[in-house]
Amino acid sequence: MDRDEARDSLNKPLLLATRESSIDESEFHDARNSSSIHNGGSSIYFDTKSNLTNSMITTSAATEGAAALAASPTAPPSSSAAASSASAQTSSTSTPTAAASTTGAGSANPRSYHGSVSLLSTGTLFPSTRGIVDTLPHPTKPCLLYADHDPLAAVSHICLLEKEVASSVELGCGGKLPPHPKLYLQFSVVHVCQPLANRGDAGARLLKKLKKGAQLTLPLLLNGGEIFQDGIGSTSDGQTTNPTYWSSTLDCLLPEYIDEVIGEKNSLRPKDAVGNYNMKLFIQRHSELPSLFHQLLNHPSPNHRMQLSTRLLDLLKVINADLKTFEGPYLCGAQFTLADIYIYPIVELIVVVLSTYRNFWIPPSLTSLVAWYDTVSDRPSVRAATADRMFESKNTYCYERVHRNEYLIEVYEPCARNEETLFARLTDERGRPGANAYRELDEEDAELRNRSMCEKRSSCETCVIS
């Protein structure tokens with residue numbers, strides 16, 4: 001027996017054992033169903049970044065499906081080759097071993113660390129149920145699940161809106177956004193109210209269905225059937241999973257992914273290496289901004305808040321100086337980049353929330369920062385992200401105010417009063433969309449106090465009238 005025959009004889013039992021014991025038929029079919037996109041009866045695997053077919057169509061309509069993909073106006077030139085390869089597949093390619101090799105760690109298709117989304121939650125497994133059960137707004141568009149008052153979710157939202165604006169320019173619409181998110185071409189959104197997770201919030205239900213048994217967090221992006229998240233934030237039951245939620249914008253992973261794969265590539269990052277370095281340096285220099293905001297708003301000690309105010313002001317001075325480094329309205333000069341997007345939502349909260357609850361204002365002497373804030377606020381993407389609440393928001397979140405500034409002040413009131421636990425308990429007991437159980441309790445307490453005072457008076461005008 002020569003060396004090759006000896007090696008084969010040794011490896012054969014191991015290969016057979018692997019095929020017989022390591023691959024579970026039901027698990028494979030579950031994975032195949034959860035990672036494919038249903039399209040007219042065909043189960044088509046898509047590449048996460050380029051939406052190229054992975055040369056696997058497992059129904060009798062394989063040839064027609066491949067031809068349709070090859071003729072698609074959105075398919076890259078290489079799609080025809082992929083389609084031809086797909087049409088040449090036989091029924092043997094649908095075996096567990098073959099499919100496992102396609103979707104494994106060493107395959108050409110990179111898979112998200114967080115896995116694939118269940119087809120049931122997209123509404124494509126049973127299209128007839130769309131509108132009846134909780135489903136994604138669109139089965140194939142990238143979808144952002146988020147809360148519209150969360151500053152770190154706003155970073156990803158603004159990135160997606162920038163892509164939508166760029167698409168509008170290409171279509172000759174002058175960079176104007178559609179009047180409603182349902183008309184967006186590049187992405188869709190799902191509002192999730194975490195405090196109402198136990199009271200029937202549709203977004204929270206959908207979040208739980210995306211991947212069975214997974215503790216998914218917001219903000220979360222679905223693209224190509226894959227799940228992407230920052231790894232920060234709160235779970236669908238409203239519990240914070242990472243104590244560094246407010247610690248740093250360096251934890252944001254979605255913005256760069258969005259800039260890489262959705263719409264015009266790298267439109268939010270400088271094309272040159274030096275510019276990209278400067279952008280990342282600014283992100284690093286300003287990364288403490290979320291933590292300082294939250295500590296100043298939430299800390300119970302007035303003395304410690306004074307120290308935090310000094311630290312926050314020093315950081316704002318750093319940002320003001322950085323804005324003078326390059327000629328242009330933005331941190332990296334003329335180009336609006338991720339460095340601007342990362343800090344804008346927090347600066348908005350400083351302007352609106354800290355001025356209300358902590359008497360903290362951005363000094364007018366920081367002229368570059370003030371001018372930058374006005375310039376960024378006027379961008380179409382930011383105007384859309386910070387607009388007054390629309391129908392979906394009002395019918396999702398457990399808050400009353402509609403105007404953007406009043407809405408943010410209402411949202412962060414429990415945090416400013418160190419009563420977040422009370423807010424969560426009241427909302428879990430009697431919360432509902434469009435109503436704030438926390439503020440209702442305040443109104444009830446005020447009425448009881450007034451009534452108590454009234455009983456001590458002999459001629460109260462209110463009592464006389466009643």
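Where is N418 found in the chain? It is in the loop between α18 (413-416) and α19, and that spot is picked up again in the last legend. All the views below come from a predicted model.

**Figure 1. The whole chain, before zooming in.** There are 21 helices and seven strands to find your way around in this protein chain. Of its 466 residues, 46% count as buried. If you take the contacts with a separation of 6 or more, residues 24 or more positions apart account for 66% of them.

**Figure 2. The largest nonpolar core and its hubs.** This core has 78 residues. The ones with the most contacts inside it are L221, L289, F293, L312, L316, I350 and W372. Helix α13 gives the most to this core, with 13 residues. Another core lies apart from it, with 16 residues, among them L136, L145, L220 and I227. As background, nonpolar side chains in soluble globular proteins tend to be buried together. Zoom in on L289 and, once neighbours within four places in sequence are left aside, you find it in contact with L312, L315, L316, I319, I343, I346, V347 and I350.

**Figure 3. L331, a loop residue tucked away.** L331 has its place in the loop between α12 (302-322) and α13 (338-357). Is L331 buried or exposed? With 0% relative accessibility, L331 counts as buried. Beyond its neighbours within four places in sequence, L331 is in contact with F282, H286, I319, D322, L323, F326, A339, D340 and I343. One distance to check for yourself: the C-alpha atoms of L331 and N278 are separated by 8.9 Å, though the two residues are 53 apart along the chain.

**Figure 4. S168 in helix α7.** S168 belongs to helix α7 (residues 151-170). Its relative accessible area is 5%, so S168 is buried. Setting aside neighbours within four places in sequence, S168 is in contact with C173, G174, G175 and K176.

**Figure 5. Cysteines without a bridge.** How many disulfides does the structure hold? Zero. Take C398: the closest cysteine sulfur to its own is in C193, 3.9 Å away, and that is too far for a bond because a disulfide needs the sulfur atoms within 2.5 Å. C398 is buried, at a relative accessible area of 1%. C143 is buried as well, with a relative accessible area of 0%.

**Figure 6. Two aromatic pairs, two geometries.** The count of aromatic pairs comes to ten. Y344 and Y373 make a stacked one, 5.3 Å centre to centre with 15° between the planes. This pair links distant parts of the chain, with Y344 in helix α13 and Y373 in helix α14 (residues 367-377), 29 residues apart. Y344 and Y373 are both buried. F423 and Y438, on the other hand, pair edge-to-face, at 6.2 Å centre to centre and 70° between the planes. Here too distant parts of the chain are linked: F423 sits in helix α19 (residues 420-430) and Y438 in helix α20 (residues 437-455), 15 residues apart. F423 and Y438 are buried.

**Figure 7. Helix α17, a ring cluster and two arginines.** In helix α17 (residues 404-411), the buried residues are R404, Y407, L408, E410 and V411. Looking down the axis of α17, these buried residues fall within an arc of 160°, so they line one face of the helix. Y407 also belongs to a cluster in which ring pairs link Y399, Y407, F423 and Y438. R389 lies over the face of Y407, 4.3 Å from the ring centre. Elsewhere, the charged end of R379 sits over the ring of F336, at 4.1 Å from its centre.

**Figure 8. Backbone oddities: one cis bond and two positive phi values.** Most peptide bonds are trans, and most residues other than glycine have a negative phi. The bond from L218 to P219 is cis, with omega near -5°, and P219 lies in the loop between α8 (202-209) and β6 (220-223). N359, not a glycine, has a positive phi of about 55°. N359 is in the loop between α13 and α14, and with 62% relative accessibility N359 counts as exposed. Back to N418: its phi is near 55°, also a positive value in a residue other than glycine. At 39% relative accessibility, N418 counts as partly exposed.

Key
Residues numbered from 1 in each chain as written. Predicted model: local features only at pLDDT ≥ 70, side-chain atom pairs only at ≥ 80, totals over all residues. Heavy atoms only, no water. Helix = DSSP H or I, 4+ residues; strand = E, 2+ residues; numbered from the N terminus. Buried < 20%, exposed > 50% of the residue type's maximum accessible area, 1.4 Å probe, protein only. Contact = heavy atoms within 4.5 Å. Core = buried A, V, L, I, M, F, W, Y, C linked by side-chain atoms within 4.5 Å. Arc of directions from axis to C-beta. Phe/Tyr/Trp six-rings, centres within 6.5 Å; stacked < 30°, edge-to-face > 60°. Lys NZ or Arg CZ within 6 Å of the ring centre and 35° of its normal.
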